[in-house]
Every structure is written in structure tokens, then in C-alpha cells.
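Trainee: Before we go through this model, could you take me through the reasoning behind each label, so that I can see how a value is set against a cut-off?

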Amino acid sequence: MHARRMPWRVPPAQRMAGTLPDPYRIWLSEVMLQQTTVATVGAYFERFTTRWPTVAELAAAQDADVMGEWAGLGYYARARNLLKCARAVVERHGGAFPADHAALLALPGIGPYTAAAVSAIAFDQPHTVLDGNVERVIARLYDIHTPLPGAKSELMEKAGALTPQTRPGDYAQAVMDLGATICTPRSPACGICPWRAPCAARAAGTAAALPKKTPKKAKPVRHGTVYLAQRSDGAWLLETRPDSGLLGGMLGWPGSDWVDSSLPMPESAAPLAANWRETPGEVRHTFTHFHLILRILQAKVEVDARPTTGHFVPRENFRPSDLPTVMRKAYDLVRTPSATAL
């Protein structure tokens, strides 16, 4: 009755009647949900599963198409691993995700958390699922004050002791829902929590302060330059970034390296000779480990322009939505030069 409705889930009543979720949809949702909210993931999940309803169809997709659909979700290594994993499922397991936990762990891009989630939710096996919501619930239930990430092993041990042998998939999702809707980071609704009575942190009055976290170090700031060139016929100059590294495999604007802001701006890396002019304002974007500030140089060039890097994408084939967020910010700034993309 209280289970959250999500497009990848099978409601508890249907599960009890014998209907199990599609492992492909569970795996895809879990990969998308890493470092991303449910609210953000919903639309992406619907587009992916409409375009590629099965893991075999995803495995056969063009890399550029998948990266384009992923644009905006961030943490782009996930998209590269998504394709690697889908293709491995087809090659090694005939297009069906293995129910064996060890076989799941052997697939590209699947770590302990994702393997446990797929095992429990898709195959109803008693594996312990420990995401951020569950960590918070367990830390409060047992009044654990060890800061994260150091507390993970202790939290896993406590969570594992609670994982049932029957209906482990429903249980895993129930505890995640508990953390997402009742045992929230701020102002937990202890009065309506089904674990109110045994909760040690509620009794001690420490629930709102848990889980504790090790203070994060200040993120460094890097800077660089991107070059936005448009031909007289409307085509834009883009490049596909190398598969490895940040934004790997994604479309982007040619540009310089990104260096620490204490260092001089990197030397010019213009992709072709042109009358480059600097766009007012700057792009600011935050990655996991650093803040980035980009200046933008733009130019109009003729149809016979020959860049040293990248390729021109015709106007009719160019979709700003295919760009990762930081690159789309640069495009937006050029399109609305009076504003700063933040």
C-alpha cells in the first residue's frame, strides 16, 4: 500500500503472486540512480526503455546514440559501462541477465551494490542492498556515530543481519522507501515510522544528526577554454571526446586542457584559424572532484573550413540535448550572450 510506484518496479502484491521484475529494467534503473535522484531518472528511464526495450537491443545500439540519450545525467563513465555490460550479457549469457550473484559481479560496470540490488530485487535472492537511504536508516536504528564512509562495513553488517530470507526484494525496496520518505536526511518523521520503537537514535534524540560524515575537502578550481565554431550553412564544429577520462565518449566543443586555476590559462588550442572572439561571461560547472570555469571563444567560418580536430555536424542533425551539461551551458551562453551560464 505504501510502496513507491516507479516504472521499473513490480508492486508487492504482484510479486507475491509470482511476478518478478525484468532484470534489465532493474539493472538499468540502478545504474541511472547512482549519484542521481529518482525525480531526474524517471524521464531518462522511459526514453531508454522505449528506444531499447531489451538488453539485446541496447547492446546493438550505436555508442553515439546511447551517449546522446544519456547526456545530462552526468557521471558519463556509467553510460560507457552500460554498453559494455549490455554487450557482455548478450555475448556471455545469451541476452539474459544471470541470476547467479558471482556472475553478475563479473559483468563490466557492476559492483557489489548493483549486484546485490539486481540479485535481491530482480531475482528475490537474500542479498543486502545498502544505498544512501539504507545507510541512514541503519545508522539511526542502531545509533551508529562512526562517520561515513568509515562506517560502511559496520552498517553493512547490521543491515545484513536484518535481510530476510523470504521476500528480500520487497524488503530491500521497503527500507529504501523508508529512508526516502520517512527517515529523511532532515526532519525525519519518527512519529509515523514503523521502526519507531526499536530505533536507538530516536530514543537517544540523535536521529537528526545521523549518519555522521567525514568533512569533505574543499574542491579545487580548474579553468580552460572551449571553441564554438559555426559554419555559414549553420553546421557546428564538435568533437567526440576520448573514451577514457572525464566526459569520455561524449560530444563536446574542441578546447584546451583544464588546469588548476593557480596556473596560467592553457595555450591556445583553436581547432582552426578564424576570427575568434571571446563571449562575455563564463561557464561554471561542478564535477565530483573539482569546480570548472570555462571561457568561450566563438567564430563564424566558411563552408570550406578545414578543422584540425573535430567534425562539423549539420544544423539539422545538431541536438543541444546530446551535449553533456557543461558543454550545453557553453552553447546556451553563445545563444544568449547577455547571460552567464551558471
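Mentor: Let us begin with one pair, keeping in mind that this is a predicted model. Glu 282 and Arg 284 form a salt bridge, and their closest N and O atoms are 2.7 Å apart.

Trainee: What makes the pair of Glu 282 and Arg 284 a salt bridge?

Mentor: The label asks for a side-chain nitrogen of Lys or Arg within 4 Å of a carboxyl oxygen of Asp or Glu. With the closest N and O atoms of Glu 282 and Arg 284 at 2.7 Å, the pair meets that rule. In general terms, side chains of opposite charge can pair when their charged atoms come close.

Trainee: Why are Glu 282 and Arg 284 called partly exposed?

Mentor: Partly exposed covers what lies between the buried limit, under 20% relative accessible area, and the exposed limit, over 50%. Glu 282 has a relative accessible area of 25%, so it is partly exposed. Arg 284 has 40%, and therefore the same term applies to Arg 284.

Trainee: How many salt bridges does the structure hold, and which residues are linked in a network of them?

Mentor: The structure holds 14 salt bridges, and a network of them links Arg 15, Asp 124, Arg 167 and Asp 170. Arg 15 pairs with Asp 124, the closest N and O atoms being 3.0 Å apart. Because Arg 15 lies in helix α1 (residues 12-16) and Asp 124 in the loop between α8 (112-123) and α9, this pair ties together parts that are 109 residues apart in sequence. Arg 15 also forms a salt bridge with Asp 170, again with the closest N and O atoms 3.0 Å apart. Asp 170 lies in helix α11 and Arg 15 in helix α1, so here the parts tied together are 155 residues apart in sequence.

Trainee: Which term, buried or partly exposed, fits Arg 15, Asp 124 and Asp 170?

Mentor: Arg 15 has a relative accessible area of 9%, which is under 20%, so Arg 15 is buried. Asp 170, at 11% relative accessibility, counts as buried because that value also falls under 20%. Asp 124 stands at 29%, between the two limits, and therefore counts as partly exposed.

Trainee: How do you know that Cys 193 is in no disulfide?

Mentor: By the rule used here the count comes to zero disulfides. The nearest cysteine sulfur to that of Cys 193 belongs to Cys 183 and is 6.1 Å away, whereas the rule asks for two cysteine sulfur atoms within 2.5 Å. Cys 193 counts as buried because its relative accessibility is 17%, under the 20% limit. Cys 85 is buried too, with a relative accessible area of 1%.

Trainee: How many cavities of 30 Å³ or more are there, and what lines the largest cavity?

Mentor: There are two cavities of 30 Å³ or more, and about 130 Å³ of space lies in the largest cavity. Of the 15 residues that line this largest cavity, the closest to its centre are Arg 140, Cys 183, Cys 190, Cys 193 and Cys 199. Helix α9 (residues 132-141) gives the most to that lining, with three residues. By type, the lining of the largest cavity holds twelve nonpolar, no polar and three charged residues.

Trainee: What is the volume of the second largest cavity, and what makes up its lining?

Mentor: The second largest cavity has a volume of about 70 Å³. Its lining includes His 127, Thr 128, Val 134, Ile 138, Tyr 171 and Val 175. Two elements, α9 and α11 (168-181), give two or more residues to this lining, and α11 has the largest share, three residues. The lining of the second largest cavity divides into seven nonpolar, three polar and no charged residues.

Trainee: What makes helix α2 mostly covered?

Mentor: Helix α2 (residues 23-33) has nine buried residues out of eleven. Among them are Tyr 24, Trp 27, Leu 28 and Glu 30. The buried residues of α2 pack against α3 (38-51), α4 (55-59), α5 (63-70), α6 (77-93) and α8.

Trainee: Which elements cover the buried residues of α13?

Mentor: The cover includes β1 (221-231), β2 (236-240), β3 (251-252), β6 (283-286) and β7 (291-301). The buried residues in helix α13 (residues 325-335) include Val 326, Lys 329, Tyr 331 and Leu 333.

Note on methods. Residues numbered from 1 in each chain as written. Predicted model: local features only at pLDDT ≥ 70, side-chain atom pairs only at ≥ 80, totals over all residues. Heavy atoms only, no water. 1 Å grid on protein atoms, 1.4 Å probe; cavity = no way out; pocket = protein on both sides within 12 Å on 5 of 7 lines; lining within 4 Å. Points joined across faces, edges and corners; volume = space filled by probe spheres on them. Helix = DSSP H or I, 4+ residues; strand = E, 2+ residues; numbered from the N terminus. Nonpolar A, V, L, I, M, F, W, Y, C, P; charged D, E, K, R; others polar. Buried < 20%, exposed > 50% of the residue type's maximum accessible area, 1.4 Å probe, protein only. Contact = heavy atoms within 4.5 Å.
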